[in-house]
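Please look over the sequence and the structure below before reading on. This briefing then goes through some features of the fold, topic by topic.

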Amino acid sequence: MNKLTKQLLSLGLSVVTVAGMVSPVFAEDDVNVINTQDETTQTEVATKKRIVLNIYKDGYYSVLDFEIDQNANNEEISNYILKNYVPKGYRVDVINGSMSLYPNTDTEWTINVVKDVINTFTVKIVYEGEPEKNTVETFDLDNNDAYNYIKNHYVPEGYSYDSMHGIANDGDSNHYILTIFKAKKIKLSVYYDSSTTYTPTIDVPSHYTDEEIKSFIEERYTTNSNYTIKKVSEDTWEVRLTAPEQDVEKNEDFVFYINKDGVETSQKMHISKEDIDSVGGLYQYIKINLVPDGYHLNYNKGSMYRGLYSFGTNSHRIYLVKNSANPVMKKYTVKILKAGNEFNDMLAGAQVEYHTFEYDSNDTTGIEDYIIKKFNPKGYYIGNGPASFDIFKIDESTYGAIAFEMINSDSSTEAPKINSYKIDFIDKDTNRMVGRAYEYSEGNKLDKLDTSKIGEIPKGYVFAADSYDVGESIENNIYTVKVYVKKGVIKTPMTIKCYKNNNGKLEVFKTVNGIAQDYDKNGDYILDKEELDALNVKGYKYSGLSYSQNTLYYANGDNVCTSIETSFYFEEVATVTKPSSSKDSANLSDVGANETLAGSLNAAQQKKYDTAVREGKEIEFKPVVKDTIKSEDKTTLVGYADKNDIKVVNAFDIEINLYVDNQFEGTISETVNKLTFKVNIPEKLKKEGRKFYVLRLHDGKVTTLEVAEDGTFKTDQFSSYMLVYKDAVSTTPETGTKPGTGSTTTTPETGTKPGTESTTKPATQTKKDPVAKKNPKKNKTVNTGVQTAGTVFTGLMAASVAALGVAEVLKRRNK
């Protein structure tokens, strides 16, 4: 199920514990007595209490329970948890100086553990208005709480930082930027509907004017409210807020304050909801329409969004910064995935756009604004991608973006009722809780929860039943389910859909089914890139536009998934080219042709191919058709046609060559799968009852290949070919057919059915074969001349995409 849903459901839920009771033992005289053994048992039960422990580890959540002495205090419970539930190589995380181990209630605790390693961090300290003081510091921590360490150790006395964006991640988890300023303190009184709400003391830059202080306060305290801000004294300000008269979300009249080149101007605009939705929201609208060419947003400003903020009920302030005056231009590519609307597979029905552009390679700070301004798909909004940014870098010259279609919500449509199920996994043999998970359903509450609807199970367990009763509601539409499990090894079936680009639309070209554990060689419940490569999708590389594209997780903390369904978007490694002259060349647009050719290389070619992929060289598969064949091959094929009473149209030769950076690296003579060609049959030769075939001579064997009505035929061997045809047997007296016998159509090889091949060595032809009988009269009319191949051969073509008509050209450049 959706990971975000699980995380939300797992927060703030109370845990219901049930105390066990022991019934007294009655003697035969009806006197209530307890023997010594029973008394010991009762005493043991009475002196134990059960604690539920929530564990956060490596970004995942799991839960278990344990028993401890009834009178154990918090220190004793804490020590017990530290001794028994901190895995080897891990330690309890420390946040802001406090250990992440604490009680939620008397019977529920939480612990957050991290790997016990030393992490090295760097922080760039930027002094606002004092650039000569800027410096870079490095420090080591045995925890990940770099934010609080920077706050506590690198802000000098008399300085402060903006809590909104003063400490920012510099695109790498171990690199930070700290922006500080000389501070002065302001006492602030905030009133809402005339009542004092709170009186914070805030730090503002000491050089701020009153107008800048007002803007500072606006940004942080006035959103979605009518307001007034007043300076009371040199260090005292007050803010008075009142509720807006209408729904802010329905507002279409805005005021924009644009700070450009140190000068702020205001602009009133009426923007309809339709116009806002057409570009994906107001944030996108501002970037597209209010950021002039040569500028980008100042990402060091703004609280909610980088470079801009909203205040009041309809106002927005935009901070602009000018692009570099001396750019070093470089060509970039942006790939935009227009995701589909299917909940479980965003690639289903998706489209993709590729755009190339030039931008300053020395300063790419504003490249996100530029891409959104120039290439944002209409009716879509660009949301967070795999890198958690709107626009993310795939490699040094490629950026990616994932765009989602704007869907107008109909307020009259009632949202479906969602039922949540808190699943406690119980060991069937010990009756102990061994894990927890959450599932959900729409509509009416389920009375039973089938195992097919349970997406995960504790590691080392299997289900002990096929379905489980749903218990009572513990909170609004949240129900408890006790799922009994037993020791065992579960196998996780996985289905991976592999998508490729076909003229801007994504289509599945391969589906991989298997067991996740069979591919997970190191047993870490993660399929990494090397393990995913074993899926054997030859000839393709990851596009950079799939979530978790280089890794596939099939566990959630201490639970393992019961099944996996995911999808990846691939790009072809090599280009299947069409040479400039169509006279002696063919297009190759078979679905899977790239994979077929990549899997058909000999050992020497494969080595060069793999090296080229690693080094980012250009790889091409080039089909070539020659209008001449060897004289001995021509003699053999004409002789075969003559013996089988079929007429010759022309002969041609097909070969497929491998090139690496325009260097010839050999010919592919056979492929692991058949490829589809198309011959152009002259209209003057077509008539009712006439059947066309292609004869192939390869390694001394002649094979008859059926030609479909659209002129396509399939082959997996490449050498000499001949286009031929045969007419249906006539029913007229001059052919020798007896009246009433009708007419028959016979393929060149006896018993060959349409769509099949017949293979015959020339030396094996016999007169017993009725198809091999000659008709000298007819043979005199056989056209044995060889026409130019360009008049009959139009290229390779996939039957399933024949309507597209042209080859998809994909370049492989490993950046």
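The notes below cover a pair of helices, two sets of strands and the nonpolar cores. The structure is a predicted model. Two helices, α7 and α8, have axes that come within 8 Å. The largest nonpolar core holds 37 residues, and a second, separate core holds 35.

**Helices α7 and α8**

- Two packed helices are described by the angle between their axes and by the distance between those axes.
- Helix α7 covers residues 282-289 and helix α8 covers residues 367-375; their axes cross at roughly 90°.
- Angles of 65 to 115 degrees count as roughly perpendicular, and therefore α7 is roughly perpendicular to α8.
- On the α7 side, the contact is made by Tyr 283, Gln 284, Lys 287 and Ile 288.
- On the α8 side, Glu 368, Asp 369, Ile 372 and Lys 373 make the contact.
- By type, the residues of this contact are three nonpolar, one polar and four charged.

**Surroundings of α8**

- The buried residues in α8 are Ile 367, Glu 368, Asp 369, Ile 371, Ile 372 and Phe 375.
- Glu 368 and Asp 369 thus appear both among the buried residues of α8 and in the contact with α7.
- The buried residues of α8 pack against α7 and against five strands: β19 (295-297), β22 (329-338), β23 (351-360), β24 (380-383) and β26 (398-405).

**Strands β1 and β2**

- Strands of a sheet pair through backbone hydrogen bonds, in either a parallel or an antiparallel way.
- Strand β1 (residues 48-57) pairs with β2 in the antiparallel sense, over ten bridges.
- Lys 48 stands opposite Asp 69, which belongs to β2.
- Strand β2 runs over residues 60-69 and is mostly covered, with eight of its ten residues buried.

**An open three-stranded sheet**

- Three strands form an open sheet in the order β30-β40-β39, and their pairing is antiparallel.
- The edge strands, β30 (456-458) and β39 (555-556), each pair on one side only.
- Strand β40 (residues 559-561) is joined to β30 by three bridges in the antiparallel sense.
- Within β40, Asn 559 stands opposite Pro 458.

**Nonpolar cores**

- In the largest nonpolar core, Phe 425, Val 483 and Met 494 have the most contacts.
- Strand β33 (residues 478-487) gives the most to this core, namely four residues.
- The second core, separate from the largest, includes Tyr 295, Tyr 332, Tyr 399 and Ala 401.

Technical notes. Residues are numbered from 1 along each chain as its sequence is written. This is a predicted model: local features need pLDDT of at least 70, side-chain atom pairs count only at pLDDT 80 or more; totals for chains, interfaces and linings use all residues. Side-chain values use heavy atoms; hydrogens and water are left out. Axes are lines fitted to C-alpha atoms, for helices over the stretch in contact, and angles run from 0 to 180 degrees between N-to-C directions. Angles under 35 degrees count as roughly parallel, over 145 as roughly antiparallel, 65 to 115 as roughly perpendicular and the rest as oblique. Contact means heavy atoms within 4.5 Å. Ala, Val, Leu, Ile, Met, Phe, Trp, Tyr, Cys and Pro count as nonpolar, Asp, Glu, Lys and Arg as charged, and the others, Gly among them, as polar. Buried means under 20% relative accessible area, exposed over 50%, partly exposed in between (1.4 Å probe, protein chains only). Two strands pair if DSSP finds at least two bridges between them. A nonpolar core is a set of buried Ala, Val, Leu, Ile, Met, Phe, Trp, Tyr and Cys residues joined through side-chain atoms within 4.5 Å.
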